[in-house]
Amino acid sequence: QYTELLPKRSGYEFDLHVYNKVSQTPALLVVLDILSSSPPHFKKCWQHVKSLLATSIGLWRSAKETKLEHKHAAQVQLTRKVLQVMSRAGWLKDPWNKVSEVVHELSPPELVKLLMAVWNTLMKFPPQVEHSPETLRHEFNRLKPLFVDNIVALAPYYARFFPILNEFSNLPEDS
């Protein structure tokens, strides 16, 4: 269902209901934050968190502005919090677990790209199933084009997301 709908605005009544309740009741974000520290319990929130992510994608998709503005502050905060709780619960592996740090640096269209990459990764590797790091490794490459396209804003974050690997550390030393 969602695959056909995204990245358009979500029209599912459940998604909109969850998003409206959470955005109108900040204490629900605190509850999600607390639950995220217990991954087995947080997995029971999968449908709700997925709804928040789907609705966030739709709302950013419908934003007409090309840059973040003051009126987006609440939506930015909610988007960041959703990404943070998913990271804390272990749903987003390194470097995906850091994406909440760059939300405020991106334009609405770039946020859609970022959230769609998160969405696609979560749909491919749902949190209810354990995945080996090798199966997730190729998913990390989805972030690099976003960083390249937004190099001016995201340059300070690049090293945190993509640490330099010393490819020469295994070479024999010259004598």
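**Exercise 1.** Which residues form one aromatic cluster?

*Solution.* Keep in mind that you are looking at a predicted model. A search of the whole structure turns up three aromatic pairs. The cluster consists of Phe 42, Trp 46 and Trp 91.

**Exercise 2.** Classify the pair of Phe 42 and Trp 91, then work out which parts of the chain it ties together.

*Solution.*
- Step 1: The ring centres of Phe 42 and Trp 91 are 4.7 Å apart, with 45° between the planes. Pairing requires centres within 6.5 Å, so these rings qualify.
- Step 2: An angle under 30 degrees would be stacked and one over 60 edge-to-face, so this pair is tilted.
- Step 3: Now place the residues. Phe 42 belongs to helix α4 (residues 39–42), while Trp 91 sits in the loop between α6 (73–88) and α7 (108–124). The pair therefore ties together parts that are 49 residues apart in sequence.
- Step 4: Check burial, which means under 20% relative accessible area. Phe 42 has 0%, so Phe 42 is buried. Trp 91 has 7%, so Trp 91 is buried too.

**Exercise 3.** Do the same for Phe 147 and Tyr 158.

*Solution.*
- Step 1: The ring centres of Phe 147 and Tyr 158 lie 6.0 Å apart and their planes are at 75°, so the pair is edge-to-face.
- Step 2: Phe 147 is in helix α9 (residues 143–149) and Tyr 158 in helix α10 (residues 151–161), so parts eleven residues apart in sequence are tied together.
- Step 3: Phe 147, with a relative accessible area of 1%, is buried, whereas Tyr 158, at 30%, counts as partly exposed.

Definitions and conventions
Residues numbered from 1 in each chain as written. Predicted model: local features only at pLDDT ≥ 70, side-chain atom pairs only at ≥ 80, totals over all residues. Heavy atoms only, no water. Helix = DSSP H or I, 4+ residues; strand = E, 2+ residues; numbered from the N terminus. Buried < 20%, exposed > 50% of the residue type's maximum accessible area, 1.4 Å probe, protein only.
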